[in-house]
Amino acid sequence: MCGARMNDQEQQPRREARVEPVSTARGLGQGRDHHWGEFLVENAIRVLGFSAIGFVVLIFLFLLQEGLPTFFRVELPILFGQRWYPTFDLYGTMPLILGSVLVTIVAIAIALPLGVATAVFVREVAPNWAREILKPMIETLAGIPSVVLGFFGMTIVAPLVRDVLGAPTGLTAFTGALLLAYMSLPTIISVAEDALDAVPKSYRDAGLAMGATRWQTIWRVVVPAARSGIITAIMLGMGRAIGETMAVMMVTGNAARMPVTADSLFRPVRTMTATIAAEMGEVARGSTHYHVLFGVGIILFVLTFMINLAAASVIFQKRRRGGLR
Amino acid sequence: MAKIEVEHLYFYYGSKLVIEDISLEIETYKITALIGPSGCGKSTFLRCLNRMNDTIPGTRHRGRILLDGQDIYDPHLDVVTLRQRVGMVFQRPNPFPQSVYNNVAFGPRVQGLKHGQNLDEVVERSLREVDLWDEVKDNLNQDALSLSLGQQQRLCIARTISIRPDVILMDEPASALDPISTLHLEDLMRELVQDYTIVIVTHNMQQAARVSDDTAFFLTDDGQVGKLVEFGPTGRVFSAPEDTRTENYITGRFG
C-alpha cells in the first residue's frame, strides 16, 4: 500500500513533464505536418475499413438480388421438392440440402471425438516437446488446399471405401464425410485446445486434491469447464464442413438423390456447394436455373449463418459468465 | 497422538533448496497453524503433506512424512488414496464451474458412488457441516460461481469433507474473504476440528492465535531457505516464545 502510494507521487511530476513538450510543439506550429499525416492515415484506414464492410454488404445484396427471384419464379412445393432435374424445370432442392446436412453431420460425428481427444492429448497428456511439434503440424494441416485433399480422396479413399464396404462405387456421402472430417479436424483441435488451455490451473488442482486421478480430473473437471469453447470448436468445424466445395464435389459422386434410405450414407450424394460449383458455368444468365442456383446459395448462407449464430451465442454466454466472476 | 509426523524434511525445486530440516508432529483433532512471512516455505510444506507438489515438475524431497505411521512417499502408496485421506482447501475459492450439487458430489462420484439417495445424503450432510445448506438448499442446481466468495470457500470445504478425509489442509483459506466471512470460517474450523485434523497456513497472526491449538513459526534467514524456528502449543508460542525471532515476528517488528 505504502509503496504504491509513494510510486504515484514519484510518477506524477514525470507525467506532467511528458505532456509539456507536446503542447509546446503545438503552440509553435511545428506539429502541423504530423497533424496532416495523421489525418490522412487515419482516414485512409477508415475508408479501407468501411469498404471491406461495404464489399461484404454488396456481395450479400447481389446474392439476394439474384437469388430471391427464385422464390417467386419457382413454386415453393417444387423448390423444396425431391427432384432436381433442371433440364425438366424441376428444381427440388431437398436432395441437395439433405445431402449437405448428411455429409456435414457425419463428418462432425467423426471429427468431434477425434478432435476433442486429440486436443486433450495435446494439451493435457503430451509432454512439452511433443506439444511444441504437434501444434504447428496440426495448424499446417489446415493449409492443405482442398483440391489436393479431393484428389487424395478420389485416388486413395474412394477405392478403399469401395473395397472395404463392397459398395458399387467409392464416391459416396461417407467418402465425402471422411474428407470433411479430416478438413475440419485442425479447426476443431486448435480451438478446443485453446479452450482447454484457458481452464485455470486451480480447477485441476482442486480435482487432483480431491483424490481424483489425472484422467478423472481431465474428464470430469477440465473438459466440462472448457465446454463452451469445445462447442464453439464444433460449430466452427461445422461451418467449415458445410461450406466446403471442391473436395466434396470430387468424391461424393454428385447424384442428386434423396439421402433418406438406410444405405444413403454409402451411396452417392450431391451437396448444395457442389451443385452450385458444377452447374453455374453452364447456365444462361438470368434463366430460372441461374436464379435457383443463387437461391441455393441463400439457403446455404442461412444455414451457415445459423451455425455461426449458435457459436456466437455460446461465446457470448461464456463472456457474460466470465464477467460475473 | 500424532496424526502426521514429519521427520527431517528437505524440499527442492530443481536444485534449489526451499525448506530445510523440518521436523514436527501434527496432533489428531487439533488445528495446527503454520505462520511466517511470505516465501518462508510454509505453503510448500503444506503442499508436501498431500503431495500436491508432485504436480510441479522437477521437485524432490528428502526426509519422511508419516501419516498414521505410514510413509506418504512410499512408492507402494497410491497418491490418489493419500489425497482422499488428506484433503485440501485453497487460497482462492476454486469451486468447479458446475452446479453446487455437482461440486459436492464430485468426490463421492470419483470414488464410484452413483447418483441417488446416498449421494443426496452425502451432499446434504457435507453442506450442513459447513453451514451452507440453508443458504443453497432451494437451488442446488445453481452455478457455484454465482455464490459469494465466502459461500464459495465454504462450498470448497464441503467438497473436501464430502469424502471424509482424516486431515484437511487449508492454504490461507480466508485471504480472499471479507472480515465477516473470515470469522464465519474460523467458527467453522473450530466445529470441524471435532471430526478432522486441520493444518492451516495463514499470514494473519490473530487468526492463528484465535483458531489454532498448535503453532509452527517458519522463517528464512537469507530469503531463500525456509526453516522451522519454533513449534509448540499456540498459547505458549504467542505468550512466551522461546526464540527472539518468533517474539519479534508476533509482536509485529517485521514480516
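**Entry 1: charged pairs**

I looked up Arg245(B) and found it partly exposed, at 38% relative accessible area. Here buried denotes under 20% relative accessible area, exposed over 50%, and partly exposed in between, with a 1.4 Å probe and protein chains only. Its partner in a salt bridge is Asp243(B), the closest N and O atoms being 3.2 Å apart. I apply the term salt bridge to a side-chain nitrogen of Lys or Arg within 4 Å of a carboxyl oxygen of Asp or Glu. Asp243(B) is buried, with a relative accessible area of 18%. In chain A, I noted a network in which salt bridges with shared partners join Arg123(A), Lys135(A), Glu193(A) and Asp197(A).

I record the basis of these entries: the model is predicted, local features need pLDDT of at least 70, side-chain atom pairs count only at pLDDT 80 or more, and totals for chains, interfaces and linings use all residues. Residues are numbered from 1 along each chain as its sequence is written, chains are lettered from A and ligands numbered from 1 in the order in which they are written, and side-chain values use heavy atoms, with hydrogens and water left out.

Over all chains, I obtained 26 salt bridges. Two further pairs in chain A were inspected. Arg162(A) and Asp163(A) form a salt bridge with the closest N and O atoms 3.4 Å apart; Arg162(A) is partly exposed at 36%, and Asp163(A) is exposed at 56%. Glu279(A) and Arg270(A) meet at 2.5 Å, N to O. For this pair I found Glu279(A) buried at 9% relative accessibility and Arg270(A) buried at 15%.

**Entry 2: cysteines**

How many disulfides does a search of the whole structure find? I found zero over all chains, a disulfide being a pair of cysteine sulfur atoms within 2.5 Å. I checked Cys40(B) in particular: the closest cysteine sulfur belongs to Cys48(B) and is 13 Å away, so the two are too far apart for a bond. Cys40(B) is buried, with a relative accessible area of 1%. Cys156(B) is also buried, at 3%.

**Entry 3: strand E3 of chain B**

I take helices (H or I, at least four residues) and strands (E, at least two) as DSSP runs, numbered from the N terminus. Strand E3(B) spans residues 31-35, and five of its five residues are buried. I note that in a regular strand the side chains alternate between the two faces of the sheet. Both faces of E3(B) are covered, with Ile31(B), Ala33(B) and Ile35(B) on one side and Thr32(B) and Leu34(B) on the other.

Which strands pair with it? I count strands as paired if DSSP finds at least two bridges between them. Four bridges join E3(B) to E8(B), residues 197-201, in a parallel arrangement, with Ile31(B) opposite Ile198(B). Four bridges also join E3(B) to E9(B), residues 214-220, again in parallel; there Leu34(B) stands opposite Ala216(B).

**Entry 4: two helices of chain B**

Helix H1(B), residues 42-49, has seven of its eight residues buried. I list the buried ones as Lys42(B), Thr44(B), Phe45(B), Leu46(B), Arg47(B), Cys48(B) and Leu49(B). Arg51(B) follows H1(B) and has a positive phi, near 55°.

Helix H3(B), residues 100-110, is likewise mostly covered, nine of its 11 residues being buried. Among them are Tyr101(B), Asn103(B), Phe106(B) and Pro108(B). Just after H3(B), I found Gly112(B) with a positive phi of about 105°.

**Entry 5: chain A as a whole**

I counted 14 helices and two strands in chain A. Buried residues make up 40% of its 325 residues. Of the contacts (heavy atoms within 4.5 Å) with a separation of 6 or more, 71% involve residues 24 or more positions apart. Chain A exposes about 18,600 Å², of which carbon and sulfur atoms supply 67%. Accessible areas come from the Shrake-Rupley method with a 1.4 Å probe, and for residues only the protein chains shown count as cover.

**Entry 6: nonpolar patch of chain A**

I located a nonpolar surface patch of about 1,200 Å² whose residues include Phe50(A), Ile53(A), Phe60(A), Phe301(A) and Met306(A). Patches are made of residues with over 30% relative accessible area and no salt bridge; like charges are joined within 9 Å and nonpolar side chains (Val, Leu, Ile, Met, Phe, Trp, Tyr) within 5 Å. Helices H2(A), 32-67, and H14(A), 288-324, each supply at least two residues. The largest share, seven residues, comes from H2(A). I examined Phe60(A), which lies in H2(A) and is partly exposed at 32% relative accessibility.
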